4 protein chains.
Amino acid sequence: MLNLFRFKAVQRVAFEDIDYYKVVNNSKYFFYFERARVEYLRKLDFISTRDKGLDKFDVAVVENYCSYRKPAYFDDLLDIHTRISYLKSSSLQFQYIIVRSGDGEKISCGYTNLVRVAFPSLKPRPLDGSFVEKVTEFENENLGKSPGIPDIT
Amino acid sequence: MLNLFRFKAVQRVAFEDIDYYKVVNNSKYFFYFERARVEYLRKLDFISTRDKGLDKFDVAVVENYCSYRKPAYFDDLLDIHTRISYLKSSSLQFQYIIVRSGDGEKISCGYTNLVRVAFPSLKPRPLDGSFVEKVTEFENENLGKSPGIPDIT
Amino acid sequence: MLNLFRFKAVQRVAFEDIDYYKVVNNSKYFFYFERARVEYLRKLDFISTRDKGLDKFDVAVVENYCSYRKPAYFDDLLDIHTRISYLKSSSLQFQYIIVRSGDGEKISCGYTNLVRVAFPSLKPRPLDGSFVEKVTEFENENLGKSPGIPDIT
Amino acid sequence: MLNLFRFKAVQRVAFEDIDYYKVVNNSKYFFYFERARVEYLRKLDFISTRDKGLDKFDVAVVENYCSYRKPAYFDDLLDIHTRISYLKSSSLQFQYIIVRSGDGEKISCGYTNLVRVAFPSLKPRPLDGSFVEKVTEFENENLGKSPGIPDIT
């Protein structure tokens, strides 16, 4: 399944991510996912200057899922393999597989469903055209394949 | 579906929970879930003194899911309806429905799957007997009903 | 020094606040301070509906200080004694002393200096008149006494 | 004053760091400080494998201070200039000056006082000898100069 992923963000486990059990707290993975989405968007040139803000990617998260396989530890270096698994008219899905750099252990995986909305009505509206174009070009023939919970068995 | 829930934790939205879009950040809901689990466990008398720690509920999160319906705002008071939807020999599921106190709006819902493990092998081991007993008594005939993503339509 | 404090916020230590050493992480205290400021402002009726927002208290933090005396643990109940120690034309100072409910142990203390600014120039502007009035009435003869690092020896 | 700093950590402002006012939340700077300390320690080879843990730098934070000068924004790249300003028998001080990469703007500065303690008594004990040696070699003639609040006027 990893072969479907054309992008990875790298994340160092911070001291603040560690909990009572000396492992990365379960909730922190959703911050890792969020940072990976930002890195992916920067790679495709959609994180612009502060004045332009997040204008072309003004989406809302509608679903979030994470499956935890192995604990991650303080100072671990994690590869967050990240892809857009599908694009629909006003929604899309990010998928992630987190692998520890050091030993190649698969730590966790998950997905996030997002929808572009108009403010303040929160009604769905079509994804930005240039965004769809760039993602389609980047993900190419993998777009639409194996959405949902990534299979990392 | 709310009628299956016999416990609720109350959560005030803190300033730190609010993001760029002036709504509660998507990842923060998993902290709300975690705090609701702790409140639930305290209600059943499973949060003991610091010395005894988290000994009888030494579980690991294996899956986390949240569905977002409406935004929550700064200083909102949220009811986190919380239940254990099933118990298996070494695992269990928490379910949540978050409702805004002020207007009764359903904000989000989700679930967490947990498994009790032995350290450091991380092999599953049976849930504590007194824990199973208390939860069974508390949830009673609702135990086993409607697991997974709560239906809040 | 505690006798100068006329308000306290109560804070339960959450699981997410605990770090590798099984104590509340040092950075988390600044979130406790922030929540205590919000509680104080609500007490004085300055947290309004979401539409009015934070309009009359649109201040920026300019200094933050915390002194740590004793560790706080998971699930501790903390009293965050909170006061405004001085008001100037466009600035003010919050002070805090955190005491564990259970055993009365003094955990930490600190202060925050804030200034009211105009956006986006960030130039100081006078504090809101009704805000000054209410705080002066509430803190009364204690206003101006013992600013800076609280003496909790 | 920047000329006293021989190390810098680089920090990208994450989406989760941004608050209601679209700037980095005041409390988040203490996480930046903490990450900078970790980077500094790694540079001096004091972040070892997970098994050895934080054994030679098992210190507790006793004071934390931050002065805020300019706001930082989403996705800003920040240079966290970091030094150990003094070493005493069982304590030390870290100092920081945060500068935005893009425009050289000085964003904030601060310091952290730490003390090495024995667990669980929390009594001070001498700093590790090899730690003192490496820091002294690295900071050299700057050690002891200009402790406290960094002068960034």
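How many salt bridges does the rule find across the interface of chain D and chain A? Keep that one in mind while you set up the view; we'll get to it at the second stop. One caution before you start clicking: this is a predicted model.

**Stop 1: chains A and B**

Select chains A and B and hide everything else. Superposing chain B on chain A takes a rotation of 180 degrees, with 0.0 Å of shift along the axis and an RMSD of 0.0 Å. To find where that axis runs, click on B:Tyr65: among the residues of chain B, its C-alpha comes closest to the axis, at 2.2 Å. Both copies use the same surface here, as 100% of the contact residues of chain B recur in chain A.

Now colour the contact residues. You should have 26 residues of chain B touching 26 residues of chain A. Together the two chains bury about 2,200 Å², and 55% of that lies on carbon and sulfur atoms. On the chain B side, show B:Tyr21, B:Asn64 and B:Tyr68 as sticks: these lose the most area to chain A, together 22% of what that side buries.

Next, switch to a cartoon of chain B. Two of its elements, α1 (28–43) and β2 (59–68), each supply at least two residues of the side that touches chain A. The top contributor is β2(B), with eight residues. Colour that side of chain B by residue class and you get 15 nonpolar, six polar and five charged residues.

Which way do the strands run where they meet, parallel or antiparallel? Select residues 59–68 in chain A, which make up strand β2, along with β2(B): the two pair in the antiparallel sense over five bridges. For a landmark in this pairing, pick A:Glu63, which stands opposite B:Ser67 in β2(B).

Before leaving, turn on polar contacts and salt bridges. Between chain B and chain A there are 16 residue pairs in polar contact, counting those where both residues have pLDDT 80 or more. For salt bridges across this interface, the rule finds zero.

**Stop 2: chains A and D**

Swap chain B for chain D. Again a rotation of 180 degrees with 0.0 Å of shift along its axis does the superposition, this time putting chain D on chain A with an RMSD of 0.0 Å. The two copies are thus related as by a two-fold rotation axis. The same surface serves both, with 100% of the contact residues of chain D recurring in chain A.

Colour the contacts once more: 17 residues come from chain D and 17 from chain A. The buried area between these two chains is about 1,700 Å², 57% of it on carbon and sulfur atoms.

And here's the answer to the opening question: the rule finds four salt bridges across the interface of chain D and chain A. To see a salt bridge between these chains, zoom in on D:Arg35 and A:Glu16, whose side chains meet at 2.9 Å, N to O. The polar contact count between chain D and chain A is four residue pairs, both residues at pLDDT 80 or more. On the chain D side, helix α1 (residues 28–43) gives the most to the surface touching chain A, with five residues. By class, that side of chain D divides into eight nonpolar, no polar and nine charged residues.

**Stop 3: inside chain A**

Finally, show chain A alone and select A:Glu39 and A:Arg42. This pair forms a salt bridge, its closest N and O atoms 2.8 Å apart. Because A:Glu39 and A:Arg42 are three residues apart in helix α1 (residues 28–43) of chain A, about one helical turn separates them. If you'd like to keep hunting, bring back the whole structure: a search over all chains finds 40 salt bridges.

Methods
Residues numbered from 1 in each chain as written. Chains lettered and ligands numbered in written order. Predicted model: local features only at pLDDT ≥ 70, side-chain atom pairs only at ≥ 80, totals over all residues. Heavy atoms only, no water. Least-squares fit on C-alpha atoms with pLDDT ≥ 70 in both. Contact = heavy atoms within 4.5 Å. Buried area = accessible area lost by both parts, 1.4 Å probe. Polar contact = N/O pair within 3.5 Å; in protein donor to acceptor, adjacent residues only side chain to side chain. Helix = DSSP H or I, 4+ residues; strand = E, 2+ residues; numbered from the N terminus. Nonpolar A, V, L, I, M, F, W, Y, C, P; charged D, E, K, R; others polar. Pairing = 2+ DSSP bridges.
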